Amino acid sequence: MTEELAVVGKSLTKPDAFSKVSGQTKFADDLALPRMLYGRLLRSPHPHAQILHVDVSRARAMPGVHAVLTGDDLPIKFGILPVSQDEEALARERVRYVGDPIAARSRSR
Amino acid sequence: MAVIVPPYKTLLEVLREDLGLTGTKHGCELGECSTCGVLVDGKPFLSCLAMPLDLEGRDITTIEGMADGSRPHPLQVAFAELGAAQCGYCTPAMLLTAKALLERDPQPSRQAIMEALSGVLCRCTGYVKIFEAVELAAARGA
């Protein structure tokens with residue numbers, strides 16, 4: 001078992017090490033693609049409140065807006081953890097904290 | 001390089017959005033994580049809280065300007081060799097902050113390195129390799 005191996009037992013430089021130490025590595029927030037859209041969330045200003053009605057017609061009519069979504073567009077609860085299985089992507093009927101997302105829109109910048 | 005910028009933009013936004021220098025990272029935008037750190041006149045500076053108008057005529061260094069042309073800075077070499085860049089998000093600010101330290105104190109103690117880098121948060125928690133890389137670069141006379 002004293003055979004010299006090329007990789008096993010050696011401390012090797014990671015393939016992406018120089019990309020990372022030079023700031024060249026692209027993280028999601030660093031990407032700029034042609035015709036990229038920018039998303040924005042409307043969040044609850046209230047710690048706990050009922051949603052009676054969301055009117056997104058003016059947001060939809062704005063120039064450059066590609067989509068506006070509310071909770072009714074995303075009815076399937078998505079939580080992947082046992083503690084989060086009741087989570088909704090966008091609040092429907094009720095918000096439960098300041099910052100709870102209510103609506104989302106995408107537009108070209 | 002001289003740049004003309006809108007007065008409402010932070011230094012971080014100008015670097016990333018107007019100049020395309022995305023090596024400077026966008027973290028908390030509250031001055032808590034230091035991942036947006038750059039050097040202003042050689043000293044660590046949080047670009048997310050800096051307004052370019054306050055920095056007129058000052059010398060700003062980002063990670064893109066750390067290498068000497070195609071020759072990486074000894075800190076960059078040491079970080080790469082020792083695996084001190086794990087996910088890599090805090091790495092640019094870590095490197096620049098360490099560079100400022102070594103220029104002030106070329107042979108820092110472990111304690112001095114820890115204090116100098118204490119403001120830059122690494123969520124991978126890979127601090128030991130980072131400290132070791134700074135020590136290696138110092139030993140090589142960075």
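These exercises, with worked solutions, cover the contact between two chains and the sheets within them.

The model is predicted, so local features need pLDDT of at least 70 and side-chain atom pairs count only at pLDDT 80 or more, while totals for chains, interfaces and linings use all residues. Residues are numbered from 1 along each chain as its sequence is written, chains are lettered from A and ligands numbered from 1 in the order in which they are written, and side-chain values use heavy atoms, without hydrogens and water.

**Exercise 1. State how many residues of chain A and of chain B take part in the contact, and how much area is buried.**

Step 1. Contact means heavy atoms within 4.5 Å. Chain A gives 15 residues and chain B gives 22 residues.

Step 2. Buried area is the accessible area (1.4 Å probe) that two parts lose on being put together, summed over both. For chain A and chain B the value is about 1400 Å², with 52% of it on carbon and sulfur atoms.

Step 3. Of the area that chain A buries against chain B, 39% comes from Lys20(A), Val21(A) and Phe27(A), more than from any other three residues.

**Exercise 2. Count the salt bridges between chain A and chain B, and give an example.**

Step 1. A salt bridge needs a side-chain nitrogen of Lys or Arg within 4 Å of a carboxyl oxygen of Asp or Glu. Between chain A and chain B there are three salt bridges.

Step 2. One of the pairs is Lys25(B) with Asp30(A), at 2.5 Å from N to O.

Step 3. Over all chains, the count comes to 13 salt bridges. Among them is Glu81(B) with Arg140(B), whose closest N and O atoms are 2.8 Å apart. This pair links distant parts of the chain, 59 residues apart: Glu81(B) lies in helix α2 (residues 74-82) of chain B, and Arg140(B) in the segment after α5 (127-139) of chain B.

**Exercise 3. Describe the sheet of chain A with the order β1-β5-β3.**

Step 1. Helices (H or I, at least four residues) and strands (E, at least two) are DSSP runs, numbered from the N terminus. Two strands pair if DSSP finds at least two bridges between them.

Step 2. The sheet is open, has three strands and is antiparallel in its pairing. Its edge strands, β1 (37-43) and β3 (65-70) of chain A, each pair on one side only. From one strand to the next the twist averages 15°.

Step 3. Seven bridges pair β1(A) with strand β5 (residues 101-108) of chain A in the antiparallel sense. Tyr38(A) has Arg107(A) in β5(A) as its bridge partner.

**Exercise 4. Describe the sheet of chain B with the order β2-β1-β3, and name the helix that packs on it.**

Step 1. Three strands form this open sheet, with antiparallel pairing. β2 (43-46) and β3 (60-61) of chain B are the edge strands.

Step 2. β1(B) is joined to β2(B) by four bridges, and Val38(B) has Phe45(B) in β2(B) as its bridge partner. The two strands form a hairpin with two residues between them, and Asp41(B) in the turn has a positive phi of about 50°.

Step 3. Strand β1 (residues 37-40) of chain B is joined to β3(B) by two bridges. Here Val40(B) has Ile60(B) in β3(B) as its bridge partner.

Step 4. Helix α3 (residues 91-104) of chain B packs on the sheet and touches β1, β2 and β3 of chain B. Its direction makes about 35° with that of β1(B); axes are lines fitted to C-alpha atoms, for helices over the stretch in contact, and angles run from 0 to 180 degrees between N-to-C directions.
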